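Here's a quick tour of a complex, written for someone who already has it on screen. Have a look first, then read on.

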Amino acid sequence: MMLIHFELLGAGLFCLGVYGVLARRSGVMILMAVELMLNAVNVNLVAFAAFRDIPTATGQVIAIFVITIAAAEVALALAIIMRLFRSRGSVNVDQIDLMGG
Amino acid sequence: MGLAFFYIAGAVTLFGAIGVVVTRNVVYAALFLLVSLAGVAGTFVLLYAEFLALVQVLIYGGAIIIVILFGLMLTRTSEYEASGENRRWPFAALVSIGLFALLAYAFLADSALYNSSTREAISVEELGRELFEQWAVPFEIASLILIVALIGAVVIGRAAPEDDEPETGPGSTQR
C-alpha cells in the first residue's frame, strides 16, 4: 500500500464530483457532488501527511478545517436552496436565471 | 492484508460516488453519499488517522447527511423522482475523464519520489496539541465562520416576508 494508491483514489473521487457538479440539474445533487470533491481533497491531504518522512499532524489539521467549512457550506447552501424553492417552486439550477446569463 | 482492506475501502468509496452522480432519485443519492463517506472513513483508518475517521462518521454521517435529507424533505418537488442530467452531460463526462487522466499521469510520473510504504501514526494527543498551539488562530476563525454560517442560514431560510411572494407558486408543484 503506497501513496500512489491513495492519490489515485482521491483523483477518482474528485473527478466523479466534477462530473456531478457539471452534469446534474438539481441544486441538491450539485451540493452532494461538491461534498464528494471535498472528501477527495481530504483523502489526499491525510495521505500526504501520513507518508511523509517526518511525521506531521498538519495534514489532518487542515482536513479538520475542510470538514468544518463543509458543514457551514451545506447549511448555507440548503438555506439558499429552500429560499429559492419557496420563491420559484423549483430547485432546478437551469431555471434559476434571475441575473440573466 | 492492508492492501486488501484498501481495495475494499476504495471500492466502497467509488461505488457510492458513482451512485451519487448516476442515480436519478435524490434520496437514493443522499444514501449513496453516506456509503461513499463511510468508505472515506475506512480510508482514514488505513492512514492511521483514527480521530479523523471518527469525525468523518460523526459530522458527515450524523450531521451533514441528516441536514441534506431535511433539505430534500422541505423542498420536495415532483421533479425529484427523475432529476437527471442536463443536456451538457457528455461535455461534463469528457472534462471529468480528461481531468482524471491528467491527475493520474502527474501522480504516476513522480510516484518514484514517494515510494515509501511506511506510514507514521499520529496520536490524537499530538493532533490536539498541533491544533491548539500552532493552529489556534485559524481554529478560532473556523468557530467564527460556523456561527456566522449558522446565523446566516437561519436568516436566509426563515419564513419569507410579504415581498417574497412566489412567482409561480410553490403550491402548484408541492405535494
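What follows covers confidence, the contact between the chains, and one helix pair.

## How far to trust it

This is a predicted model, and the predictor gives the complex an ipTM of 0.90 and a pTM of 0.86. Chain B comes out with a mean pLDDT of 84, with 83% of its residues at 70 or more.

Within chain B, confidence peaks in helix 6 (residues 136–157) of chain B, at a mean of 93, and is lowest in helix 7 (residues 170–173) of chain B, at 48. Over residues 171–175 of chain B, pLDDT stays under 50, and the model has six contacts beyond four places in sequence for that stretch.

## Where the chains meet

On the chain A side, 66 residues are in contact with 83 residues of chain B. Helix 1 (3–23), helix 2 (27–50) and helix 3 (58–88) of chain A each supply at least two residues of that side. Helix 3 of chain A gives the most, with 25 residues. By class, the side of chain A that touches chain B has 45 nonpolar, 13 polar and eight charged residues.

## Helices 1 and 2 of chain A

The axes of helix 1 and helix 2 of chain A come within 8 Å and cross at roughly 165 degrees. That angle is over 145, so the two helices are roughly antiparallel. The crossing is left-handed.

Helix 1 of chain A brings residues including Leu3(A), Phe6(A), Leu13(A) and Phe14(A) to the contact, while helix 2 of chain A brings Met29(A), Ile30(A), Met37(A) and Val43(A), among others. By class, this contact has 18 nonpolar, five polar and one charged residues.

Definitions and conventions
Residues are numbered from 1 along each chain as its sequence is written. Chains are lettered from A and ligands numbered from 1 in the order in which they are written. This is a predicted model: local features need pLDDT of at least 70, side-chain atom pairs count only at pLDDT 80 or more; totals for chains, interfaces and linings use all residues. Two residues are in contact if their C-beta atoms, placed from the backbone, lie within 7 Å. Helices (H or I, at least four residues) and strands (E, at least two) are DSSP runs, numbered from the N terminus. Ala, Val, Leu, Ile, Met, Phe, Trp, Tyr, Cys and Pro count as nonpolar, Asp, Glu, Lys and Arg as charged, and the others, Gly among them, as polar. Axes are lines fitted to C-alpha atoms, for helices over the stretch in contact, and angles run from 0 to 180 degrees between N-to-C directions. Angles under 35 degrees count as roughly parallel, over 145 as roughly antiparallel, 65 to 115 as roughly perpendicular and the rest as oblique. A crossing is left-handed if the near helix is turned anticlockwise from the far one by less than a right angle, and right-handed if clockwise. pLDDT is the predictor's confidence in each residue, from 0 to 100.
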